[in-house]
Amino acid sequence: MPADAGLYMEEIKVVKVGNRQEMNDFLSVPDIIYAGCGQYVPDMRSDVRSMFTSSEDANERTSEVQPFVAYRGQEVVGRVVGVVNKKANNTWKTRNVRFSMIEFIDDPAVSKALLDTVEAWGKAQGMERLQGPMGVTDFDKEGMLVEDFELRGSMTAYYNPDYYPRHMELLGLKKEVDWLQVRINIPQEVPPRYARVAQYAREQIGLTVKKASRREVLRGAYGPKIFKLLNEAYAPIFGFSAFSPKQAQKFLDKYVPLFNMDMIPLVENAEGELVGIAVTMPSLTEALQKSRGRLWPTGWFHLLKALKWQHEDNTEMLLVAVRPDYQGMGVNALFFDDLIPIYNKYGIKWAETGPQLEDNVRELTQWKPLHPEIVKRRRCWMKEI
């Protein structure tokens, strides 16, 4: 649909998702936007649906979340989620209403109606600023793609059409921050620089690499240790709010069964304290595309095949966290020293990181010995309301 198609006589109606049919319409929007798009990687519909069926009571809830769906007549033309993350607002002394999971046809009337709705919903709760795309938590997808639309997306970051950023600019939103992703080819041998630093970290600082079992993470001491570390390491990072014990356990129960624990190095100091973790896994991109976001009737097979029998040739480096007092002390070198031989063992040819803030120079420069390619710039937009 052309960009000037907003001059339709029929009004755009945005409604709160309040029943099963409206939720089904909400879930169907990506099928409309990305029909025939080879770069788009769908979310599992069951995962999206579960986001809006919280088991938390009002006293436990740290975010208000409301999905909306847009119609022109009977036609579904867009969707968005409004989020008021109370914990993040308290942490950063802000009054932000976030928009998340936004999708719309190439019609400025639709994108305007969606964001106007989130603005009004947020203002009714005392919010003063619109921000997004941001997640409900910091493990959700964030940032709108603004470059490299020809590259295939991933399971951990948004893909969107190239007209989305243009709509944001037309609606008066400005850049708040950008994230970048790093793509590397896996070398056959550990680069000498990493090997030297890793040896120093082991011998002089007393750091060691450990692999935990699923049971140790899910039901033992390592699960709480990991999220304590994440809360400490990510505290200064844009928009972050600490994970509660219940949120942590929810993520562990959901994702740990999917992981190959061999690809998750933990770094401990001489006292046995956890000071670093790298979470990586073989990509599920092709499997998710084949599943079309549905477990049934055959989606489960594509995912199981990718997890257990036939890995894709690339891996996603989902997160790296180092305790602040151990940053710059060789922990990252220990990760590389451990993972590169493992990637070769499993036939992994290349890797891509998750989004990293463009001003996080220390994080971005650590990849230099691997001759990185910077790809997929994505943006958080903002607007005073």
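The following exchange goes through a predicted model and asks what stands behind the words used for its parts.

Me: What makes Arg 379 and Asp 178 a salt bridge?

Reply: The closest N and O atoms of Arg 379 and Asp 178 are 2.7 Å apart, and a salt bridge asks for a side-chain nitrogen of Lys or Arg within 4 Å of a carboxyl oxygen of Asp or Glu, so the pair qualifies. The two residues come from distant parts of the chain, Arg 379 from strand S14 (residues 373–384) and Asp 178 from strand S7 (residues 174–185), and they are 201 residues apart. Both Arg 379 and Asp 178 are buried.

Me: Which other salt bridge involves strand S7, and what does that pair link?

Reply: Glu 352 forms a salt bridge with Arg 183, with 2.7 Å between the closest N and O atoms. This pair links strand S12 (residues 350–353), where Glu 352 sits, to S7, where Arg 183 sits, across 169 residues. Glu 352 is buried, and Arg 183 is buried as well.

Me: Why is Arg 323 called buried, while Asp 325 is called partly exposed?

Reply: The relative accessibility of Arg 323 is 15%, and buried means under 20%, so Arg 323 counts as buried. Asp 325 has a relative accessible area of 45%, which lies between the 20% limit for buried and the 50% limit for exposed, so Asp 325 is partly exposed. The side chains of Arg 323 and Asp 325 nevertheless meet in a salt bridge, at 2.8 Å from N to O.

Me: Which residues are joined into one network by salt bridges that share partners?

Reply: Glu 147, Lys 175, Asp 178, Glu 358, Arg 377 and Arg 379 are joined in this way. The structure as a whole holds 26 salt bridges.

Me: How many disulfides does the structure hold, and how do the terms for Cys 37 and Cys 380 follow from their accessibility?

Reply: The structure holds zero disulfides, a disulfide being a pair of cysteine sulfur atoms within 2.5 Å. Cys 37 has a relative accessible area of 24%, and this is not under the 20% limit for buried and not over the 50% limit for exposed, so Cys 37 is partly exposed. Cys 380, at 0%, is under the 20% limit and therefore counts as buried.

Me: How do you know that the buried residues of helix H6 line one face?

Reply: The buried residues of H6 are Tyr 194, Ala 198 and Ala 201. Seen down the axis of H6, they fall within an arc of 60°, so they line one face of the helix. In general, an α-helix has 3.6 residues a turn, so residues three or four places apart point the same way. The buried residues of H6 pack against helix H12 (331–345), whereas Pro 192, Arg 196, Glu 203 and Gln 204 are exposed on the other side of H6.

Me: What span does helix H6 have, and what is expected for it?

Reply: Helix H6 (residues 192–205) has 14 residues and reaches 19 Å from its first C-alpha to its last, which is close to the 20 Å expected at 1.5 Å a residue. H6 is followed by Gly 206, whose phi is positive, near 85°.

Me: Which residues of helix H5 are buried, and what do they pack against?

Reply: In helix H5 (residues 163–170), the buried residues are Tyr 163, Tyr 164, Pro 165, His 167 and Met 168. They pack against several elements, among them helix H1 (20–33), strand S4 (96–104) and S14. Just after H5, Gly 172 takes a positive phi of about 85°.

Me: Why is Lys 141 called buried, and what does its side chain meet in a polar contact?

Reply: Lys 141 lies in the loop between S5 and S6. Its relative accessibility is 12%, which is under the 20% limit, so Lys 141 counts as buried. A polar contact of 2.7 Å joins the side chains of Lys 141 and Asp 43, and this value is within the 3.5 Å cut-off. Leaving out residues up to four places away in sequence, Lys 141 also touches others, including Val 41, Met 134 and Tyr 158.

Notes. Residues numbered from 1 in each chain as written. Predicted model: local features only at pLDDT ≥ 70, side-chain atom pairs only at ≥ 80, totals over all residues. Heavy atoms only, no water. Helix = DSSP H or I, 4+ residues; strand = E, 2+ residues; numbered from the N terminus. Expected span 1.5 Å × (residues − 1). Buried < 20%, exposed > 50% of the residue type's maximum accessible area, 1.4 Å probe, protein only. Arc of directions from axis to C-beta. Contact = heavy atoms within 4.5 Å. Polar contact = N/O pair within 3.5 Å; in protein donor to acceptor, adjacent residues only side chain to side chain.
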